[in-house]
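Student: Could you take me through a few features of this model and show me how each should be read?

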Amino acid sequence: MSLKATRNGMPDPAEHGSRWLGGLLARLGLPGAPTLRETLEEALKGSGDGRAFTAEEREMLLRILRFGTLRVNDVMVPRADIIAVDEGATIWELLKTFDSAGVSRLPLFHETLDDPRGMIHVKDLTRWLIGEAGGRLASAGKGGERSLPAEPHAEGAERVPDLGRANLTTPIAATRMRRPMLYVPPSMPAANLLIRMQTTHIHMALVVDEYGGTDGLVTIEDLVEQIVGEIEDEHDEAEAANIIDDPKLGLITAARTPVRELESHLHMKLLTPEEEEDIDTLGGLVFALVGRVPARGELIRHASGLEFEVLDADPRRIKRVRITRLKERRDRPREQRRRGEPDAVLADTTPPNLSIDAMSKDGGQTSPPNSRRP
């Protein structure tokens, strides 16, 4: 076991003594002994032999260890961010949704996201279009299609299919493109879901609560990214930062910003231990303070001395918030604060007796949303 070096290059006796005692307790099987997971994490975080693992290898190994402790609700896309399509929509609407979303799979539902019907893969959509253009008739079974005889071209070559034959007004429900998807509880271990996706060859799962309502969505990419980091392809666009410190506008924050990220940025604590169990995002925190989705322009004060100004919101959720320390707001002229926006209204922050479990997970949503992103 290597000793952690101090600034002057000498081993840290306290650190060495702690590791020695932990190892002794583990050998004797006594309480307080570190688990194998904790021992591996400590060894990977320590200095050790730099030649054994590169920094990238250490980070990936730590991600693997952390992945074993994650639940589905830790990695899922919240309901408010799910992009889905109604089975009654047309093929043309489906094409436009795939184009704007930039994904390869879309959940399929009937009227509401709480009534899911499976998913649509972009490959199945492409196969359907080619089949319509070439006069092929889809048959039951995976990839099963039979073609009509190809019409020969004047020079003997096969004629290029006419995409104009495809009826883009056809409802999705009338095609055979629907595929099954998995339905899992939010408490399911993420590692178990990854194994299930591998064995079933179904790479999309809908997260449902105990009442059958939709909580979120998980793809196999979401799970793999927990191990290897962000995976971006040629079509992925860089996401806007959650927190933007603008010299003129101040600290602008997305409502979906994790509270932990905001606390780290502000170097202050915003949640009590009890609130940490229910609140994940800034939108959830603001909702908890007023007990409802505040209107655009409202000011909500926090016990820490911060003031949250709602810059953008709709009836279902908060979108953007400006954060100001009360002292900074008193020091700035009103004209500079408002900059042409509606006058802010100080909200009543007396929290009512409402459950905020579901609201805090998706940035303050109060009713089943239209599944498409506004």
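Student: Which residues make the nonpolar surface patch of about 460 Å²?

Tutor: A patch is made of residues with over 30% relative accessible area and no salt bridge (a side-chain nitrogen of Lys or Arg within 4 Å of a carboxyl oxygen of Asp or Glu), with nonpolar side chains (Val, Leu, Ile, Met, Phe, Trp, Tyr) joined within 5 Å and like charges within 9 Å. Here F53, M60, L61, I64, V228 and I231 make the nonpolar patch of about 460 Å², the areas coming from the Shrake-Rupley method with a 1.4 Å probe. Helix α3 (residues 55-67) gives the most, with 3 residues. The model is predicted, so local features need pLDDT of at least 70 and side-chain atom pairs 80 or more, whereas totals for chains, interfaces and linings use all residues. Residues are numbered from 1 along each chain as its sequence is written, and side-chain values use heavy atoms, without hydrogens and water.

Student: Is E87 buried or exposed?

Tutor: Buried means under 20% relative accessible area, exposed over 50%, and partly exposed in between (1.4 Å probe, protein chains only). E87, in the loop between β2 (85-86) and α5, is buried because its relative accessible area is 12%. Leaving aside neighbours within four places in sequence, its contacts (heavy atoms within 4.5 Å) are L108, F109, H110, R117, P171, I172, A173 and R178.

Student: What covers the buried residues of α6?

Tutor: The buried residues of α6 are D124, L125, W128, L129, G131 and A133, and their cover includes α5 (91-101) and β4 (112-121). G135, whose phi is positive, near 80°, follows α6.

How values were computed. Helix = DSSP H or I, 4+ residues; strand = E, 2+ residues; numbered from the N terminus.
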